[in-house]
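Colleague: I am new to this structure and would love a close look at a single part of it. Could you walk me through the largest nonpolar core and the strands around it?

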Amino acid sequence: MSIELTGGCQCGAIRYRARVASNAAYYCHCRMCQRAFGNVFATFFNVPASNVAWERGEPKLFRSSKLAHRGFCAECGTPLSFQYDGAERIDLSVGSLDDPRVMRPAFHLCVESRLDAFHTPDGLPEHAIEESADYQRSLAAAGGVPPAATSGRGAC
Ligand SMILES: [Zn+2]
Ligand SMILES: [Zn+2]
């Protein structure tokens with residue numbers, strides 16, 4: 001299975017094309033995603049970085065911790081991407097897709113910082129930040145000391 005997706009930011013300055021192997025997406029409840037999206041969680045799909053082509057413009061990168069950076073449109077602020085330093089895979093925001101309805105949530109990540117008042121149990125698998133292989137790989141490469149979190153333990 002291979003799905004060809006297109007997306008971009010709200011103002012149109014940035015456009016991308018991505019090829020994914022499935023329509024699985026996930027919720028991230030970490031504090032950094034809450035701040036980056038100005039929302040109570042973020043939704044992403046994970047894709048090999050080599051499967052993503054920035055066809056118009058390029059995201060501006062913000063280093064959200066010593067482990068990772070986030071891409072957004074410098075013109076309109078739309079959150080577009082998340083990537084651990086040196087990772088071969090990148091996350092793209094579900095809401096930036098031209099047709100986000102193709103995606104399906106598969107699991108919850110960083111449930112240690114989830115705002116339960118805004119969450120309706122849905123039976124999907126739940127994972128803490130420490131269960132993320134990409135997080136562990138990036139953490140080890142950065143010396144093993146987790147980044148200081150403003151709250152919760154999973155700042156990324
Ligand atoms: Zn924009
Ligand atoms: Zn997150």
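Modeller: Happily; what follows goes from the core to the sheets. Please keep in mind that this is a predicted model.

Let us start in the core. The largest nonpolar core has 35 residues, and the members that touch the most others are Cys28, Phe44, Phe45 and Leu92. As a general point, nonpolar side chains tend to be buried together in soluble globular proteins. Several parts of the chain contribute here: the strands β2 (15–20), β3 (24–28), β4 (42–48), β7 (68–72), β8 (79–84) and β9 (89–93), and the helices α1 (31–37) and α2 (133–141), each supply at least two residues. The largest share comes from β3, with four residues.

Phe44 is a good place to pause. Leaving aside neighbours within four places in sequence, Phe44 is in contact with Ala25, Tyr26, Cys28, Phe82, Asp91, Leu92, Ser93 and Val94. Two of the names in that list, Cys28 and Leu92, have come up already as core members that touch the most others.

Now for the strand pairing around Phe44. On β9, the bridge partner of Phe44 is Ser93, and β4 and β9 are joined by five bridges in the antiparallel sense. β4 also runs antiparallel to β3, with three bridges between them; here Tyr27 has Thr43 of β4 as its bridge partner. β3 in turn pairs with β10 (residues 104–109), this time in the parallel sense and over five bridges. One of the residues involved is Ala25, whose bridge partner in β10 is Pro105.

Stepping back, these strands belong to an open sheet of eight, ordered β6-β7-β8-β9-β4-β3-β10-β11, with mixed pairing. At its edges stand β6 (60–63) and β11 (126–127); each has a single partner strand, so one side of each is left without a neighbour in the sheet.

β2, which also supplies residues to the core, takes us to another sheet. This open sheet has three strands in the order β1-β2-β5, with antiparallel pairing. Its edges are β1 (3–8) and β5 (52–56), and because each has a single partner strand, one side of each lacks a neighbour in the sheet. On average, neighbouring strands of this sheet are turned by 20° against each other, direction ignored. β2 and β5 pair over four bridges in the antiparallel sense, and Arg17 has Ala53 of β5 as its bridge partner.

Notes. Residues numbered from 1 in each chain as written. Chains lettered and ligands numbered in written order. Predicted model: local features only at pLDDT ≥ 70, side-chain atom pairs only at ≥ 80, totals over all residues. Core = buried A, V, L, I, M, F, W, Y, C linked by C-beta atoms within 7 Å. Buried ≥ 20, exposed ≤ 12 C-beta atoms within 10 Å, placed from the backbone. Contact = placed C-beta atoms within 7 Å. Pairing = 2+ DSSP bridges. Axes fitted to C-alpha atoms, helices over the stretch in contact; angles between N-to-C directions.
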